[in-house]
Amino acid sequence: MSDDLATGFADPVFGAQACFRAVLDAMARPGQVRAVAGVSAPEPLCRAAAAVLLTLVDQETPLWLDPDAEVARSWIAFHTGAPPSAPPSAGGFVMALSLPELTALPNGTDEMPETSATVILQVSALESGRRILLEGPGLRQPTELRVGGLPNEFVTIWQQNHALFPRGVDLILCAGDRLAALPRSVTVKEA
């Protein structure tokens with residue numbers, strides 16, 4: 001086994017459980033940043049993106065990988081068993097280094113909104129950068145989130161995604177060892 005494939009969670013069971021809890025908390029409380037620990041990641045993935053992949057993706061989960069992250073495919077396949085996939089047509093995960101066209105991804109149906117895609121988006125920073133204001137379920141009051149690396153038109157893109165609710169794409173933002181989530185139920189405005 002090569003050294004680059006041997007890395008992942010230092011403690012696979014505890015690491016995956018802790019990351020799963022962090023993702024659940026982030027989805028339940030949009031805009032709150034959570035940390036992950038005990039994971040090594042191959043280039044170009046950050047530790048948080050690698051941890052989310054190790055936690056949520058397996059051999060039965062469709063995963064589309066950004067072409068710019070293709071060098072990490074063997075690591076992902078080794079640790080998760082996820083086979084290569086074209087852009088998902090029915091649910092699954094998208095690992096992206098830049099925001100993909102959300103309207104081109106599965107957004108579920110009114111009867112089965114769970115068949116939508118979840119995008120794991122690696123951004124340049126969380127807790128610094130562009131300020132966005134979040135409102136909706138899980139938030140008692142509007143919450144500000146700072147994100148570096150989102151496209152200038154992100155607010156408009158997200159408003160179009162949110163308008164599909166209960167359909168729509170969910171977003172897990174990852175930077176370094178931090179993650180935050182934007183479930184489709186949350187609204188986003190310029191702060």
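Visitor: What makes the count of positive and negative side chains in this chain what it is, and how far apart do the centres of the two sets lie?
Guide: In this predicted model, the chain carries 13 positive and 21 negative side chains. Lys and Arg count as positive, Asp and Glu as negative, so His does not enter either number. The centres of the two sets are 11 Å apart.

Visitor: Why is the chain called as compact as a globular protein of its length?
Guide: Its radius of gyration is 16 Å, and the globule rule gives 16 Å for 191 residues; the two values are close, so the chain is as compact as a globular protein of that length. This applies to a chain with 5 helices and 9 strands.

Visitor: Which residues touch the most other members of the largest nonpolar core, and what makes a residue part of such a core?
Guide: A member must be buried and of a nonpolar type such as Val, Leu or Cys, joined to others through side-chain atoms within 4.5 Å. The largest core has 33 residues, and Val52, Cys174 and Leu179 touch the most other members. Helix α3 (47-56) is among the elements that supply at least two residues; α3 gives the most, with 8 residues.

Visitor: Which residues does Cys174 touch, beyond those up to four places away in sequence?
Guide: Among them are Cys46, Ala48, Ala49, Val52, Ile120 and Leu179. A second, separate core of 28 residues includes Leu105, Val123, Leu126 and Leu173.

Visitor: How many of the residues count as buried?
Guide: Buried means under 20% relative accessible area, and 48% of the 191 residues count as buried.

Definitions and conventions. Residues are numbered from 1 along each chain as its sequence is written. This is a predicted model: local features need pLDDT of at least 70, side-chain atom pairs count only at pLDDT 80 or more; totals for chains, interfaces and linings use all residues. Side-chain values use heavy atoms; hydrogens and water are left out. Helices (H or I, at least four residues) and strands (E, at least two) are DSSP runs, numbered from the N terminus. The radius of gyration is taken over C-alpha atoms; the globule rule is 2.2 Å times the number of residues to the power 0.38. Buried means under 20% relative accessible area, exposed over 50%, partly exposed in between (1.4 Å probe, protein chains only). The place of a charge is taken as NZ of Lys, CZ of Arg, CG of Asp or CD of Glu. Contact means heavy atoms within 4.5 Å.
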